[in-house]
Structures are given as structure tokens and as C-alpha cells.
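Open your viewer, set the chain to cartoon and keep a selection box handy. We will go from stop to stop, picking residues and looking at what surrounds them.

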Amino acid sequence: QVRLVESGGGLVQAGGSLRLTCTASGRVFNYHGWFRQAPGKERVFVSGITWNGVTQYADSVKGRFTISVDNDKNAVYLEMNSLEPEDTALYYCAIGRSGVVVSRPTDYILWGQGTQVTVSS
């Protein structure tokens, strides 16, 4: 079974940048999504990408985050710029089922363990 591993989280000051990486243990043709979950809050959609590069973003991150895919490396990246304290959360990558509603966490069939992003003010 394919496994997902996230990396790249950390502590950064407001205005800073981080690059998250999600690496799959095998080739995946499904939709890839990034979600985040802050303490006490629901898991919410951040961004997603199809295997051929069609992207989607939550309104809260448009213009600041960029998602990309490298099929040769079985990897999806989330470049996060102009980070704000409100971006602090545990970030997860996930693989969507066929016909996924991209913003719906229950439509994702495989999740990574998450990587913590903390933005200080």
C-alpha cells in the first residue's frame, strides 16, 4: 500500500516562508490535497493538485501558497510565503478518491502523519 510522508514544517516568523514536501512510496494518479488542522478546529482544505498539474487553493492562501507536483519523484510540494500566525497548524497531505470533492476530508483515502507549522508574530 502507498504511504505518504510529509516533511518541511517548522517554526518561522510572520512574513517568512516554508516549503512542505509530501512524498509517496509509489506512483499515484489520484488528486493530492493539503489540509491543515489547528488545535481545537476542524481539518480544512488548503490546496490541491491533479497529477497533471491542475491546482486549487483555499481563499485564505491564494497568492501566498503554491502547490506543485513532481511525478518523477512521487512528490507534491507546498511553497508557503508571507506566512501569518493564522497559518499555524498541523499540515497533512492526502490522496483523494476517484471523483473527490476536494474540500471534503472524508473524500480522501490516504493520509500522511502531518508536519507542524508554527508561525510566530
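The tour below starts at a disulfide, moves through the cores and a cavity, and ends in the loops.

This is a predicted model, in which local features need pLDDT of at least 70 and side-chain atom pairs count only at pLDDT 80 or more, while totals for chains, interfaces and linings use all residues. Residues are numbered from 1 along each chain as its sequence is written, and side-chain values use heavy atoms, with hydrogens and water left out.

**Stop 1: the disulfide**

Select Cys22 and Cys93 and show them as sticks: a disulfide joins them, with 2.1 Å from S to S. A disulfide here is a pair of cysteine sulfur atoms within 2.5 Å, and a search of the whole structure finds 1. Cys22 sits in strand β3 (residues 18–24) and Cys93 in strand β9 (residues 89–96), so the pair ties together parts that are 71 residues apart in sequence. Strands (E, at least two residues) are DSSP runs, numbered from the N terminus. Look along the S-S bond next: its torsion is about 60°, so the disulfide is right-handed. Both Cys22 and Cys93 are buried, where buried means under 20% relative accessible area, exposed over 50%, and partly exposed in between (1.4 Å probe, protein chains only).

**Stop 2: the nonpolar cores**

Now select Trp34, Phe65, Leu78, Met80 and Tyr91, the residues with the most contacts inside the largest nonpolar core, which has 25 residues. Such a core is a set of buried Ala, Val, Leu, Ile, Met, Phe, Trp, Tyr and Cys residues joined through side-chain atoms within 4.5 Å. Colour the strands that each supply at least two residues of this core: β3, β5 (44–49), β7, β8, β9 and β11 (115–120). Apart from this core lies another, of 7 residues, among them Tyr31, Phe35, Phe45 and Ala94.

Centre on Met80 for a moment. Not counting residues up to four places away in sequence, Met80 touches Gly16, Ser17, Leu18, Leu20, Arg64, Phe65, Tyr91 and Val117; contact means heavy atoms within 4.5 Å.

**Stop 3: the cavity**

How many cavities of 30 Å³ or more does a search of the whole structure find? There is 1, with a volume of about 70 Å³. On a 1 Å grid over the protein atoms alone, a cavity is a set of points where a 1.4 Å probe fits but cannot get out, and lining residues have an atom within 4 Å of a point. Grid points are joined across faces, edges and corners, and the volume is the space filled by probe spheres set on the points.

To see the lining, select Ala24, Gly26, Arg27, Val28, His32, Val69, Asp70, Asn71, Asn74, Ala75 and Val76. The elements giving two or more residues to this lining are β7 (65–70) and β8 (75–80).

Stay with His32, which is in strand β4 (residues 32–37). At 7% relative accessibility, His32 counts as buried. Leaving aside neighbours within four places in sequence, His32 is in contact with Ser47, Gly48, Ile49, Ile67, Val76, Ala94 and Ile95.

Another lining residue, Asn74, is in the loop between β7 and β8. Asn74 is partly exposed, with a relative accessible area of 23%. Check its backbone: Asn74 has a positive phi of about 55° although it is not a glycine. Most residues other than glycine have a negative phi.

**Stop 4: from loop to loop**

Select Ser82, in the loop between β8 and β9, for another positive phi in a residue other than glycine, near 50°. At 42% relative accessibility, Ser82 counts as partly exposed.

Then add Arg64, in the loop between β6 and β7. Is Arg64 buried or exposed? With a relative accessible area of 11%, Arg64 is buried. Beyond its neighbours within four places in sequence, Arg64 is in contact with Glu79, Met80, Asn81, Ser82, Leu83, Glu84 and Asp87. Draw a C-alpha distance from Arg64 to Asn81: the two are 17 residues apart along the chain and separated by 5.1 Å.

Finish at Arg104, in the loop between β9 and β10 (108–111). Arg104 is partly exposed, with a relative accessible area of 40%. Draw one last line to Val44, which is 60 residues from Arg104 in sequence and 8.1 Å away in space, C-alpha to C-alpha.

Definitions and conventions. 1 Å grid on protein atoms, 1.4 Å probe; cavity = no way out; pocket = protein on both sides within 12 Å on 5 of 7 lines; lining within 4 Å. Helix = DSSP H or I, 4+ residues; strand = E, 2+ residues; numbered from the N terminus.
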